[in-house]
Amino acid sequence: MLSLLPQRRQEEQRRKRSQHQELLLVESLGKHPLQNRYGGAWLQAAPPSVMLGLQWCPAWLTRSPHVHSLPRWALWFFKNDKSKMWQENLRLITKFSTVEDFWALYSHIQPASKLSSGCDYSLFKDSIEPMWEDSQNKCGGRWLITLAKQQRHTELDRFWLETLMCLIGEMFDDYSDEVCGAVINIRAKGDKIAIWTREAENREGVIHIGRVYKEHLGLSQKVAIGYQAHADTATKSSSLTKTKFVV
């Protein structure tokens, strides 16, 4: 009987720590930037491994009694098979229109950091294909984030998730309609993430989107990100493409 006392004390201490952690998490929900016009839906529906970057969370926080509707989005996958035409390498994975379906999809696909070199994920509004030639893209451009090779295992997945949140959560206020989608490119020389907008000449909207995007990524004021028009990118290599705006 005496031998069980230390074990019981340890269990009681673990239980108290767990209760304290739950209280801290509940307090943090109201302050977290993922709460937007959809209220706590993002946090309630998020899987434990994603929620606030933690490895645990109370089960009741991952369940939501309601379905939270979204505009319809489509996730695409590109794998660079040089024996095929470019468009043949681009595949539609699925479409979703609720917060819950987004988290279910995000939890079951391979993280971007685990993709092979030459692969892309693209998330675009339904009816817009992730290519310059699409009528809703051809006059637009992209805010481009270029990462060093060593950032693939430290920052890439977080940046990509924040990018998805900015799109789906309509974080760009009155200019959210200007956003077409986002692309992540996995490359041996360095990975890239970009938000595509529909009108490169809409200076006010493009600059606002860039500033909000930079803020949500948590980038320092000293770090500059650039915007490139698709018309310029299509005729030159990315390293030579003129930067139209910088924030």
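Two exercises follow, each with a worked solution, on the sheet and the largest cavity of this predicted model.

**Exercise 1.** Determine the strand order of the open sheet, and explain why β2 and β8 each have one side without a neighbour.

*Solution.* Begin with the pairing, which is antiparallel in an open sheet of eight strands, and read the order as β2-β1-β3-β5-β6-β4-β7-β8. Next, consider the ends of that order: β2 (90–98) and β8 (245–246) stand at the edges with a single partner strand each, so one side of each has no neighbour in the sheet. Finally, place the helices against the strands: α4 lies across β1, β2, β3, β5 (179–185) and β6 (192–197), at about 170° to β5, whereas α5 (203–217) lies across β4 (141–146), β5, β6, β7 (226–229) and β8, at about 25° to β4.

**Exercise 2.** Identify which residues line the largest cavity, and work out which helix supplies the largest share of the lining.

*Solution.* First, count the cavities: with a cut-off of 30 Å³ or more there is one, and the largest cavity holds about 80 Å³ of space. Second, list its lining, which consists of L75, F96, F102, L105, Y106, I109, L123, W160 and L164; by class these are nine nonpolar residues, with no polar and no charged ones. Third, assign the lining to helices: α3 (99–108) and α4 (156–168) each supply at least two residues, and the largest share, three residues, comes from α3. Last, connect the lining to the sheet, where β1 (69–79) and β3 (119–125) pair in the antiparallel sense over seven bridges, and where L75 has L123 in β3 as its bridge partner.

Definitions and conventions
Residues numbered from 1 in each chain as written. Predicted model: local features only at pLDDT ≥ 70, side-chain atom pairs only at ≥ 80, totals over all residues. Heavy atoms only, no water. 1 Å grid on protein atoms, 1.4 Å probe; cavity = no way out; pocket = protein on both sides within 12 Å on 5 of 7 lines; lining within 4 Å. Points joined across faces, edges and corners; volume = space filled by probe spheres on them. Helix = DSSP H or I, 4+ residues; strand = E, 2+ residues; numbered from the N terminus. Nonpolar A, V, L, I, M, F, W, Y, C, P; charged D, E, K, R; others polar. Pairing = 2+ DSSP bridges. Contact = heavy atoms within 4.5 Å. Axes fitted to C-alpha atoms, helices over the stretch in contact; angles between N-to-C directions.
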